[in-house]
Structures are given as structure tokens and as C-alpha cells.
Amino acid sequence: MTATPTPRVTIKDVAARAGVSKGAVSLAFNHKPGLSEATRDRIFRAARELGWAPNLTARTLAGSRVDVVGLAVCRPARMLGLEPWYMEFVSGVESVLAEHSCSLLLRLVRNLDEEVGVQESWWRGRQIGGSILVDFRADDPRVGLVERLGLPVVAVGHPSLTGGLTSVWTDDATAVTEAVRYLAALGHRRIARVGGAAALGHTAIRTAAFDEAAGALAGAWQVATDFSGEAGARATRSLLTAAPPDRPTAIVYDNDVMAVAGLSVAAEMGLRVPADVSLLAWDDSQLCRLTHPTLSAMSHDVHGFGAEVARTLFGVISGDGAAGSHPVPTPVLTPRGSTAPPR
């Protein structure tokens, strides 16, 4: 059963309570001349009684302008700064916000419970006109929050995770299947995957797809990490310390940071890439093209993805955009120097 959104108090409600026009309310809160002190006091009293305060996102008379969009990310600040995917994604979002003279309010949170509180505080305090939700989990509590508050959002995640919210997503399952089939076509029969955080919905989707695609292989391994280079290095070391035939001849990584770390570990252990082990990264940032050998990758336009998310959010806020699921192009395999047939 869908919850009824909590009505938001608007400048129109304040004007009605004070017996004035919306323009008069705007004059009062912007400290402009043209009102008597008695009228100004009456407006302020009405606003206090209704719990209303002006802000950047609710300051216009028409109510159609959005000045701030929210984005909360559950990642440590240091890790976020080192992850090219988020930098590219935010760059894409900002490219569209700039067209609307809109700002991004970015907040790092420790867990989902904290984000739920942040999103509710932002919306009730009229700090944002809408929000971008990322890193969905199964039974994500933000879905119910959005329905209860009536908060305009776009969900970055597969529709199976986003509970009917307007979503923008990539087909991770198909991309994982393509990666495994490519390595198998090269002759690899022992393939590992260094995945991200197991609790994340898109990690679970990739895990299931890998299990299915690797079912006919002689050996398949999956290791969950936190997406960091350090965790990627540890996982790679644990996979490569085994002696053949219990060692993978190819490894797929859930992001480029871990793949670069894995490349360093292989060199440290005296293994040649791709002669002894092939490596395949996800996301394909500049990192993949700066290594030696260059990293094969599942490539997609992360900047364009961020831009599409922002455009979709403005459509949700204005009511002009199409609700529902908005898939973007599936990541495409880009072979480079780090993959080859096994020897």
C-alpha cells in the first residue's frame, strides 16, 4: 500500500494564513520595502505557526525554480576522492545543473539510517528541490521515505531495487556476462571476480550474473571487497598465491581502482600481464589507459550517465519527464593490453 505523502507548507499557505498575496510574503522575507510593520509581523507570525521558512529552493513565486539538488553518498571521504567513477558521475550531474543555475548539495554519510535522516531534514527544511539516490540495497528504506515525504528523486539503480521510483540504470548483468564470455572465448577456463561491497544491490546483480555465466568453467572465484585499492590488492594476492591449476588465469574487477592495484600485485609477484594472468576492469577511466600494459575494460560514458540522471531529475521535479525506468547503454567491452589467451 502506497503511503500518502506528507503535504508541504508553501508560500501560498503562508499568504493565505496572513491574508496577503504571495508577493507580500516574498517582500517580507527578502526585507524589501512596501509593507507596513504590522503586515510584516503578521506574515512572520503566520510563517512561524505553519513552520515555514524561505530557502534557495522555494524562494520564487511560481515555485518552478530549483536552486539546489541533494546527493548523499555512503563512502569514506578519502575513498570517494580516489574513485574516478564518482568524480565522473558528479561532473556529469554538474554539467546539467550548471545549465539550470543550480547547485549540488553533497553529503557523505556513514550508513543508510543516517542518509534517511539527512534526506528528510533536507526536504522538510526546504534545502533541496529534489535528490539523487545512489547505491541501492535490497528492501532499501529510502523508497518508503520518498513515498511518505513526496520528495522528488531519481534513483540510480536497477528497477528491481528501486521500488517503482523513477530510475536510471545500466544493465550490469549483461555486461558481466559479456566479460566472462569474452575471457572464455580467449581460452580462459579459470576466471575470478573481485567484486564490490556485498550489501549493494548492483554488486548482488553482478554476483548472480557471474555465477550463471561462469557455470561451465573449470574454476570460478568471487571475492567481495569495499572497492578500495587496498582491498583489491589483498583479494588479488589471495587469488594469485595458489598454484596452478587452482589459480585463475583471468580476473574481472568491479572498478578500475582495484584493477590497477591488481596489476601492481601481479608485478610484485613476478607474474606477467597478460602472459600469466589477464585482467579486466570496470568503468574504464583514464587510469585504465595510463597503466602498462593498458587495462582492458567494460567501458561506459559515466559523465553522460550523470548528465542523464540530472536531466531525469529535473523532469521529475517539473512533472514534464517520463516516470519509470530509464536504461542507459550497457557497458561495452574494450580490449587492450591486459587480456590475451592463457599460456
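Begin by selecting Ser101, which comes just after helix α5 and takes a positive phi of about 50°. What you have open is a predicted model, in which local features need pLDDT of at least 70 and side-chain atom pairs count only at pLDDT 80 or more, while totals for chains, interfaces and linings use all residues. Residues are numbered from 1 along each chain as its sequence is written, and side-chain values use heavy atoms, with hydrogens and water left out.

**Helix α5**

Now select residues 84–99, the 16 residues of α5, which reach 23 Å from the first C-alpha to the last, close to the 22 Å expected at 1.5 Å a residue; the expected span is 1.5 Å times one less than the number of residues. Helices here are DSSP runs of H or I with at least four residues, strands are runs of E with at least two, and both are numbered from the N terminus. Which residues of α5 are buried? They are Pro84, Trp85, Tyr86, Phe89, Val90, Gly92, Val93, Val96 and Leu97, where buried means under 20% relative accessible area, exposed over 50%, and partly exposed in between, with a 1.4 Å probe and protein chains only. As you turn the helix, it may help to remember that an α-helix has 3.6 residues a turn, so residues three or four places apart point the same way.

**Ser285**

From Pro84 you can step to Ser285, because these two residues are in contact (heavy atoms within 4.5 Å). Leaving aside neighbours within four places in sequence, Ser285 is in contact with Pro84 and Asp256. Ser285 lies in the loop between β9 (278–283) and α12 (286–290), and with a relative accessible area of 13% it is buried. Show the side chains of Ser285 and Asp256, and you will find a polar contact of 2.6 Å between them; such a contact is a pair of N or O atoms within 3.5 Å, and within protein one must be able to donate a hydrogen and the other to accept it, while residues adjacent in sequence count only if both atoms are side-chain atoms.

**Helix α6**

Next select residues 112–124, the 13 residues of α6, whose end C-alpha atoms are 18 Å apart, in agreement with the 18 Å expected at 1.5 Å a residue. At the N-terminal end the cap is Asn111, with a side-chain oxygen 3.3 Å from the backbone nitrogen of Asp113. The helix is followed by Arg126, whose phi is positive, near 55°. Among the buried residues of α6 are Leu112, Val116, Trp122 and Trp123, and the buried residues of this helix pack against β1 (68–73), β2 (103–108), β3 (130–133) and α7 (141–149).

**Two exposed loop residues**

Move on to Pro245, in the loop between α10 (229–240) and β8 (250–253), which counts as exposed at 55% relative accessibility. How far apart in space are Pro245 and Val328? Their C-alpha atoms are 39 Å apart, and in sequence they are separated by 83 residues. Then select Gly319, in the loop between α13 (302–318) and β11 (325–327), which is exposed, with a relative accessible area of 57%. Draw a line from its C-alpha to that of Arg237, 82 residues away along the chain, and the separation is 51 Å.

**The whole protein**

Finally, zoom out to the whole protein, which has 13 helices and 12 strands and whose C-alpha atoms fill a box of roughly 85 × 40 × 30 Å, taken along the principal axes. Of its 343 residues, 50% count as buried.
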